[in-house]
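Morning, everyone. I have one structure to go through today, and I will start with a pair of helices before turning to the sheet.

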Amino acid sequence: MAAAGVVATLIVSPSAVNAAEGPGPAAPAATSKTTPLRYDHLPPASAGASRFVLDAGTWLPDRTLTYRFANGTADVGGFEQRSAIRLALDLWATETNLSFSEVTTGGQLVFSFVTDNHSDGFPFDNQGGVLAHGFFPPPTNTTSIAGDVHFDDDETWSTLSQSSSAQPIDLRTVAAHEIGHALGLRHSADRNALMFDFYNGSHRFLSADDIAGIQAKYGE
Ligand SMILES: [Ca+2]
Ligand SMILES: [Ca+2]
Ligand SMILES: [Zn+2]
Ligand SMILES: [Zn+2]
């Protein structure tokens, strides 16, 4: 976790940072619980894009990445929530030559549940709206926050499959999307991709576009 006061780079360009921090025209309002919700503050794929978009960050040459659970949510049991996140990691590991190893201190990908302002410059917004966020790898982020995933604990989290964007929110799906960012994928322009920017219920698989993206970055 970053020290208090550190403003991390969740997104790359200054214009994108401004869009994330203010109610800019590019940020659609998605406050109804029955309409798609934004996974995170990251901007959509730029106009003209048609598929996955790679961030410059990468964990290479590392191929075995470490992860840690910093805390949990009270919404579901500890075993179930950890399993959901491990299954989300496995989605990506299956399609690449990356593997993930759990650690109890440190860790490249650190998962935590937080609310409101949690000292990284990207405060959460109560229930609805933004669900989570994930931080790109180095060198996009040069502090330990690189690779970390924060879940908004003002959402009601579930480990059961969900057919809409209504509460509760499918932890496995949101974790899988944010892990995509933590590995260096930006939002895809492909509406069928897990890495499309809106959550509309469970998406517990990688689409062809997601697989093409992660393999473009890390190989098969
Ligand atoms: Ca980290
Ligand atoms: Ca929220
Ligand atoms: Zn996202
Ligand atoms: Zn955060």
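Keep in mind that this is a predicted model. Helices α2 and α3 pack with their axes 8 Å apart, at an angle of about 45 degrees. Angles under 35 degrees would count as roughly parallel and 65 to 115 as roughly perpendicular, so α2 is oblique to α3. The crossing of α2 past α3 is right-handed.

Which residues make this contact? On the α2 side they are Gln-81, Ala-84, Ile-85, Leu-87, Ala-88, Leu-89, Leu-91 and Trp-92. On the α3 side they are Leu-171, Arg-172, Ala-175, Ala-176, Ile-179 and Leu-183. By type, the contact of α2 with α3 divides into twelve nonpolar residues, one polar and one charged.

Now the sheet. What is the order of its strands? Reading across, the order is β3-β2-β4-β6-β5; the sheet is open, has five strands, and its pairing is mixed. The edge positions belong to β3, residues 99-102, and β5, residues 132-134. Each of these two has a single partner strand, so one side of each is left without a neighbour in the sheet. On average, neighbouring strands are turned by 20 degrees against each other, direction ignored.

A general reminder before the pairings: strands of a sheet pair through backbone hydrogen bonds, either parallel or antiparallel.

Let me take β4, residues 109-114, and look to both sides of this strand. Towards β2, residues 64-69, the two strands run parallel and three bridges join them. Within that pairing, Phe-69 stands opposite Phe-111 of β4. Towards β6, residues 149-152, β4 pairs in the parallel sense again, over four bridges. Here Phe-111 has Val-149 of β6 as its bridge partner, and Ser-112 stands opposite His-150 in β6. In general, side chains in a regular strand alternate between the two faces of the sheet.

Last, how do the helices sit relative to the strands? Helix α2, residues 78-94, lies across β2, β3 and β4, and runs at about 155 degrees to β3. Helix α3, residues 171-183, lies across β4, β5 and β6, at about 30 degrees to β5. Strand β4 is thus on the list for α2 and on the list for α3.

That is what I have; please keep the model on the screen for the discussion.

Conventions:
Residues are numbered from 1 along each chain as its sequence is written. Chains are lettered from A and ligands numbered from 1 in the order in which they are written. This is a predicted model: local features need pLDDT of at least 70, side-chain atom pairs count only at pLDDT 80 or more; totals for chains, interfaces and linings use all residues. Two strands pair if DSSP finds at least two bridges between them. Axes are lines fitted to C-alpha atoms, for helices over the stretch in contact, and angles run from 0 to 180 degrees between N-to-C directions. Two residues are in contact if their C-beta atoms, placed from the backbone, lie within 7 Å. Angles under 35 degrees count as roughly parallel, over 145 as roughly antiparallel, 65 to 115 as roughly perpendicular and the rest as oblique. A crossing is left-handed if the near helix is turned anticlockwise from the far one by less than a right angle, and right-handed if clockwise. Ala, Val, Leu, Ile, Met, Phe, Trp, Tyr, Cys and Pro count as nonpolar, Asp, Glu, Lys and Arg as charged, and the others, Gly among them, as polar.
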